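Work through the exercises below with the sequence and the coordinates at hand. Try each task before reading its solution.

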Amino acid sequence: MNRWFENLGYKINQFMRGRYGYDELFRFLTATGLLLMLLSFLPHLYFLYVFGAALMILACARSLSKNILKRQMERSNYLNFKNRILQKLRLARSRWRDRKIYRYYKCPNCKVTVRISNPGKRRRIEIACPKCGAKFEKRT
Ligand SMILES: [Zn+2]
């Protein structure tokens, strides 16, 4: 029995050689796919099963792919996208947490977010962007 497993492990290894395997995107796709498949058991949501299954198939196809360069590019795109979302969430959270202490403004020139501590109420303030140096006026 042990030998059988060893043999199986060897065969899987052989099969996976030169193929892409698993990554963060694999985990994301399978987790989302599984979630959609579970949700599809709820009334009126049966169509989600198709999307869930499609994501699972996509995840498996990626891990068996031999076009490793392309898969790595997908992975880095996915990680970039995920980081951007996480950054937005973090900013939204600290904005909410510090809403009494700080105000946040977007620089009209370079779109960077500027944090101003305790500007007071109903005043006109001039803000100098720390990144590009542009000055703009805002009401608090
Ligand atoms: Zn700026």
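The exercises that follow concern a predicted model.

**Exercise 1. Helix H3: length and faces**

Task: Compare the expected span of helix H3 (residues 48-64) with the distance between its end C-alpha atoms. Then find which residues of H3 are buried, and what they pack against.

Solution.
- Step 1. H3 has 17 residues, and at 1.5 Å a residue they should span 24 Å. The end C-alpha atoms are 25 Å apart, so the two values agree.
- Step 2. Apply the cut-off: buried means under 20% relative accessible area. In H3, Leu48, Gly52, Ala59, Arg62 and Ser63 are buried.
- Step 3. These residues cover an arc of only 95° around the axis, so they sit on the same side of H3.
- Step 4. An α-helix has 3.6 residues a turn, so residues three or four places apart point the same way.
- Step 5. Turn to the face directed away from the buried side. It carries the exposed residues Val50 and Ile57.
- Step 6. The buried residues of H3 pack against helix H1 (2-16), helix H2 (24-39) and helix H4 (68-97).

**Exercise 2. Ser63 in its surroundings**

Task: Is Ser63 buried or exposed? Which residues is Ser63 in contact with, leaving aside neighbours within four places in sequence?

Solution.
- Step 1. Ser63 lies in helix H3.
- Step 2. Its relative accessibility is 5%, so Ser63 counts as buried.
- Step 3. With neighbours within four places set aside, the contacts of Ser63 are Met16, Arg19, Tyr20, Gly21, Tyr22 and Phe26.

**Exercise 3. The E1-E2 hairpin and positive phi**

Task: Describe how strands E1 and E2 are joined. Then locate Lys111 and His44, and state the phi of each.

Solution.
- Step 1. Strand E1 (residues 102-106) and strand E2 (residues 113-117) run antiparallel and are joined by five bridges.
- Step 2. Take one pair: Arg103 has Ile116 in E2 as its bridge partner.
- Step 3. The hairpin has six residues between the strands, and Lys111 has a positive phi near 70° there. Lys111 is not a glycine.
- Step 4. Lys111 counts as exposed because its relative accessibility is 53%, and exposed means over 50%.
- Step 5. His44 is in the loop between H2 and H3. Its phi is positive and near 70°, in a residue other than glycine. His44 is exposed, at 70% relative accessible area.

**Exercise 4. The zinc site**

Task: Which atoms coordinate the zinc ion, and what is the geometry of the site? Is Cys107 buried or exposed?

Solution.
- Step 1. The donors are the SG atoms of Cys107, Cys110, Cys129 and Cys132, at 2.3 Å.
- Step 2. Read their spacing in sequence: C-x2-C-x18-C-x2-C.
- Step 3. The angles among the four donor atoms are 107 to 111°, and the site is tetrahedral. The ideal angle for four tetrahedral donors is 109.5 degrees.
- Step 4. Cys107 has a relative accessible area of 1%, so Cys107 is buried. Cys110, at 24%, is partly exposed.

**Exercise 5. Glu137 across the chain**

Task: Where is Glu137 placed, and which residues does Glu137 touch beyond four places in sequence?

Solution.
- Step 1. Glu137 is in strand E4 (residues 135-139).
- Step 2. With a relative accessible area of 48%, Glu137 is partly exposed.
- Step 3. Not counting residues up to four places away, Glu137 touches Arg124, Ile125 and Glu126.
- Step 4. Glu137 and Ile125 are twelve residues apart along the chain, and their C-alpha atoms are separated by 5.6 Å.

Definitions and conventions:
Residues numbered from 1 in each chain as written. Predicted model: local features only at pLDDT ≥ 70, side-chain atom pairs only at ≥ 80, totals over all residues. Heavy atoms only, no water. Helix = DSSP H or I, 4+ residues; strand = E, 2+ residues; numbered from the N terminus. Expected span 1.5 Å × (residues − 1). Buried < 20%, exposed > 50% of the residue type's maximum accessible area, 1.4 Å probe, protein only. Arc of directions from axis to C-beta. Contact = heavy atoms within 4.5 Å. Pairing = 2+ DSSP bridges. Donors = N, O, S within 2.8 Å, 3.2 Å for Na, K, Ca; no water. Tetrahedral: all angles 85-135°; square planar, octahedral: opposite > 155°, others 65-115°.
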